[in-house]
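Hi,

Here is the structure I said I would pass on. Have a look at it first, and then read my notes underneath.

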Amino acid sequence: MSKIDLSKFEKKMIIRQIERKDIDEIIKLQEKCFKGMVPWEREQLVSHIEHFPEGQICAEFDGEIIGSCSSLIVNFDEYDDKHTWDDITDEGYISNHNPDGYNLYGIEVMVHPEYRGMKIGNRLYEARKDLARRLNLKSIIIGGRIPNYHKHSEELSPRSYVEEVIHHKIYDPVLSFQLMNGFTLMRINPNYLPDDLQSNKFATLMEWNNIDYAGKSKQHYKTSFPVRICVVQYEMKQIDSFDAFAKQVEYYTDVASDAGSDFAVFPEIFTTQLMSFLEEKSPSKAIQRLTEYTEDYIQLFTDLAVRYNVNIIGGSHFVEEDENIYNIAYLFRRDGTIEKQYKLHITPNERKWWGISRGDRVRVFDTDCGRIAIQICYDIEFPELARIATDQGAKIIFTPFCTEDRQGYLRVRYCAQARAVENQIYTVIAGTVGNLPQTENMDIQYAQSAIFAPSDFEFARDGIVGETNPNIDMVVIGDVDLEVLRRQRQSGTVRQLKDRRPDIYQITYRQ
């Protein structure tokens, strides 16, 4: 007798993270599991994956998705006792997901009706528990349906019904299952899910405590998360060598470091100051020669960031790549690592005089002071970019700029202030002043650099953390508070992020 081919009998059960390719299948599964209830919209599931991919889990059996669960992290104490599903999920988009929170909040579990009895729900719950342990979260909280309550609602109050289920006198497919999985009752919330008619809109708030949780003492007492920013309003003046440029840059970096700054911010294309000694009259040829200093520029700022222990937004510099020239802003972290953001929108002036090419990706960078983005000058005038960066977690947008007149400067300033209000973020603008009379197309400069905040009571008056005097060689140093920002996004006078209407409009980022 020949060997039996065991592979033809195998049917694999896999518990894994949900991916974008699974979205259509997840929506079809929900329609089967919750008939009569509004299913997920594709945009909501995309948002889940973007904000908290680890919390979106599915069960795949023999190539078919037969179960899934969704969750986010919150500081549960910040939510009202009688919160609804829309409150806790930001209307299903989980943009309120807080990576620094204490509690994993489960917002849905579903199992294909034809596969119930295979312990799929148990597997998904165990995956959630493993996630809570791995992320060192205090507990898992869920707003559970009580789908059999409608059968008893005439003779039993929600509380009485729940007590009957707890004492095994009534079976409820959801509540009984949660109790068997180690969850305990916290309270009963009315009007939790408007389309859950089987539960008469009630939900049982349940909690599973992670006994392996190690207290996060730093977070327990965190009332603020200050970040100090030093903005350099850089004077463009005649120099005779790269060393002269390096000395001027190091002076400002030293000033930022002495003030205990977390970031030092330089202006857009301030390295064009090097053209003042290149003696090249043709703007396009001068830019070509300027790109030859790219490695010197990168080496200089990498060394300064590490030596002075400050993250540096290195303004921007013209760089040649694959026979194209790009306007690139660099982030030099104080740990010696480097990131870069290409300018995405090129002004008519840059195209005409220098032939600058466009970048094509919005970047958001992790730093030791939270996530940040860099949007070079003209880019801040396109609100979609700031919204994309905010959705990817940016709390501060840095905008190095270079403008030659007041009108151009005000376009940058007004748009940066608007982005701060629209996205509930901090924005920072850093510009060049002075003049380079012998340098074609870089002869005059106009700037008033500043740090902007959203406009609300907890922030600086007029939304201005600090600003320089116009057209003077100087710096402005100010503190922004990321913890205040986080709280205001949840409970400010206005909440632009929470109150958006993705049901009628959205931004699609094609990357």
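A quick definition before anything else: I call a residue buried when its relative accessible area is under 20%, exposed when it is over 50%, and partly exposed in between. Also keep in mind that this is a predicted model.

With that in hand, start with helix α2, where Q44, L45, V46, S47, H48, I49 and H51 are buried. That is 7 of the 10 residues of α2, so the helix is largely enclosed by the rest of the structure. What do the buried residues of α2 pack against? Their partners are α1 (23-33), β3 (64-74), β4 (103-111) and α12.

**The cores**

The largest nonpolar core has 52 residues, and the members that touch the most others are I229, F263, I372, I396 and F398. Helix α13 (residues 406-423) gives this core its largest share, 6 residues. There is also another core, apart from that one, with 50 residues, including F52, F76, I140 and M206. As general background, nonpolar side chains in soluble globular proteins tend to be buried together.

If you want one residue to click on, try I372. Leaving out residues up to four places away in sequence, I372 touches F263, I313, L331, V364, F365, T367, A394, I396 and F398.

While you are at α13, look at A418, which sits in that helix. With a relative accessible area of 24%, A418 is over the 20% limit for buried and therefore counts as partly exposed. Its C-alpha is 9.4 Å from that of E381, and the two residues are 37 apart in sequence.

A similar pair involves W354 in helix α11 (residues 348-354). W354 and I325 are 29 residues apart in sequence, with 8.4 Å between their C-alphas. Is W354 buried or exposed? W354 is buried, since its relative accessible area is 6%.

**The second largest pocket**

This pocket holds about 1200 Å³ of space. It is lined by 42 residues, and H97, P99, R371, G393 and K395 are the closest to its centre. By class, the lining splits into 17 charged, 14 polar and 11 nonpolar residues.

Several elements supply at least two lining residues each: α2 (42-51), α7 (217-220), β14 (365-367), β15 (370-374), α12 (383-391) and α14 (482-491). The largest share, 5 residues, comes from α14. So α2 turns up again here, as one of the elements that help line the pocket, and its buried residues pack against α12, which is also on that list.

**Cavities**

There are 4 cavities of 30 Å³ or more. The largest has a volume of about 70 Å³. Its lining is made up of V421, Q424, P454, S455, D456, F459, L485, Q488, V494 and Q496. Of these, 5 are nonpolar, 4 polar and 1 charged.

**Cysteines**

A disulfide is a covalent bond between the sulfur atoms of two cysteines. How many disulfides does the model have? The count is 0. For C230, the nearest cysteine sulfur is that of C369, 14 Å away. C230 itself is buried, with a relative accessible area of 0%.

Why is C415 not bonded either? The closest cysteine sulfur to its own is in C377, 10 Å away, which is too far for a bond because a disulfide needs the two sulfurs within 2.5 Å. C415 is buried as well, at 18% relative accessibility.

**Two loop residues with positive phi**

Most residues other than glycine have a negative phi, but here are two with positive values. N191 has a phi near 55° and is not a glycine. You will find N191 in the loop between β6 (184-189) and β7 (203-209). Its relative accessible area is 52%, so N191 counts as exposed.

The other is D322, with a positive phi of about 55°. D322 lies in the loop between β11 (317-321) and β12 (324-332). At 73% relative accessibility, D322 is exposed too.

Cheers

Methods: Residues numbered from 1 in each chain as written. Predicted model: local features only at pLDDT ≥ 70, side-chain atom pairs only at ≥ 80, totals over all residues. Heavy atoms only, no water. Core = buried A, V, L, I, M, F, W, Y, C linked by side-chain atoms within 4.5 Å. Buried < 20%, exposed > 50% of the residue type's maximum accessible area, 1.4 Å probe, protein only. Helix = DSSP H or I, 4+ residues; strand = E, 2+ residues; numbered from the N terminus. Contact = heavy atoms within 4.5 Å. 1 Å grid on protein atoms, 1.4 Å probe; cavity = no way out; pocket = protein on both sides within 12 Å on 5 of 7 lines; lining within 4 Å. Points joined across faces, edges and corners; volume = space filled by probe spheres on them. Nonpolar A, V, L, I, M, F, W, Y, C, P; charged D, E, K, R; others polar.
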